[in-house]
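Biologist: Please take a close look at the aromatic rings of this model. Which rings pair, and how is each pair arranged?

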Amino acid sequence: MACFCATNLFLVSFGIFLWAGEAAGFCASVFETQQDHTLLGQVIETVNVTDEFECHRKCIQNNTCKSFNVHPPKSNPMKNLKTCEINNQTRQTKPKQYKRKIGSSYHGSVEVSCVNIMETNSKKKSGRCHPGYSGKQCTVKKGSSPDFPGLSCKDIRKFSNAQKNGEYWIDPKDTGHPFKVYCDMTTDGGGWLLVMNVITGSSHYNQLSVMTSYRGISDYHSNKMVITTSALKELYGDLHFQQIRFHCRKHGVGRTFHVVTSANSSGNAVVQYFSGLTDAFPDSCGSYVTMKDDDSELSKRCSEWNHGKSGKWSRSVGRWNSTVQRLYNHAAWVSGHHHWDLVMRNPFECDDMGASLSSGDFWKVFVR
């Protein structure tokens, strides 16, 4: 295994093992641990072991080992012996062979450059971690690189305690094909994935970039990205997110609409609707909570949403809107007064009807 001159074992958080030598500037190889997964078809040696540590030692003793699988006993469980499979590949090099298997665990190497990471005291360092690594043992920061992505922003926030908003790597299906996204790690506990981002510049426009696959949300920096219902449905199928957050502001209007779906059946109905899992129009009142900066009229007047429709559409009064472009075409509105809209009118609307745009006006949707 590359860069393996280890004698000591350190167990660090978030399922990562770091083997390190005693020298001041030592070689290191970091092992990630993924529960309920296994790498198929790459086994070069199979042995019985008592635990994962013994399997790890077997891997160290084999010069071609790059990862290993540990399976629970199949027979005679009284012996309490597990099956250790030594692999000559990793899930990054063979992503199609990396499969879910309940009860098993995958342990794979993640290369770390040979750097001096020992600290002499809390103020003076004899070396620094390379980008993408942190802590006294220079452990991998989940989501900081394509080599160690998170499943979602929520996953990264939970297991790495990330508290900085910005760009992270995720791989929702854990297939070995990660992509960059924007995560809000500070609002309401963090873990929010940005799926829609429209920000006006000095020259105003109403030309949107419509994403028909959720991987397109990497284009958030274009400041004109919106996502279709079908793409959000695809994302829901992989992440099963539980909340949606709507946030917009037009500086000329001077009000902010900022709401999060409630953690109840009404809020879940909104998530199901905007994710294209149902066509039943969800009730507005009781389905969301307001954030601290919300001062919109729209959030105060939920019983009036869609008011003014007649005929067969009158049944949608007091509910979220019923259009094909659900997230960005009148997702919520009080007819003739307060709208969330990026399609029907020029200029775009946020708690207003036709007010002029200013540079920096924004419309954002997050899921968690």
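Modeller: In this predicted model, the count of aromatic pairs comes to 15. One of them joins F246 and W340: the ring centres are 5.3 Å apart and the planes stand at 85°, over the 60 degrees required, so the pair is edge-to-face. This contact links distant parts of the chain, since F246 belongs to strand β15 (residues 244-250) and W340 to strand β19 (residues 338-341), 94 residues apart. F246 has 1% relative accessibility and therefore counts as buried, the limit being under 20%. W340, at 0% relative accessibility, likewise counts as buried.

A further pair is formed by F274 and W320. Their ring centres lie 5.4 Å apart with the planes at 85°, so this pair is also edge-to-face. Here too, distant parts of the chain are linked: F274 is in helix α4 (residues 265-274), whereas W320 is in the loop between α5 (297-300) and β18 (333-334), 46 residues apart. Both F274 and W320 are buried.

The two pairs belong to one aromatic cluster, which is formed by F246, F257, Y273, F274, F281, Y288, W305, W320 and W340. Y273, a member of this cluster, also has a charge over its ring: the charged end of R326 sits 4.1 Å from the ring centre. A second arginine, R245, lies over the face of W192, at 4.8 Å from the ring centre.

Conventions. Residues are numbered from 1 along each chain as its sequence is written. This is a predicted model: local features need pLDDT of at least 70, side-chain atom pairs count only at pLDDT 80 or more; totals for chains, interfaces and linings use all residues. Side-chain values use heavy atoms; hydrogens and water are left out. Rings of Phe, Tyr and Trp (its six-membered ring) pair if their centres lie within 6.5 Å; planes under 30 degrees apart count as stacked, over 60 as edge-to-face and the rest as tilted. Helices (H or I, at least four residues) and strands (E, at least two) are DSSP runs, numbered from the N terminus. Buried means under 20% relative accessible area, exposed over 50%, partly exposed in between (1.4 Å probe, protein chains only). A charge sits over a ring if NZ of Lys or CZ of Arg is within 6 Å of the ring centre and within 35 degrees of the ring normal.
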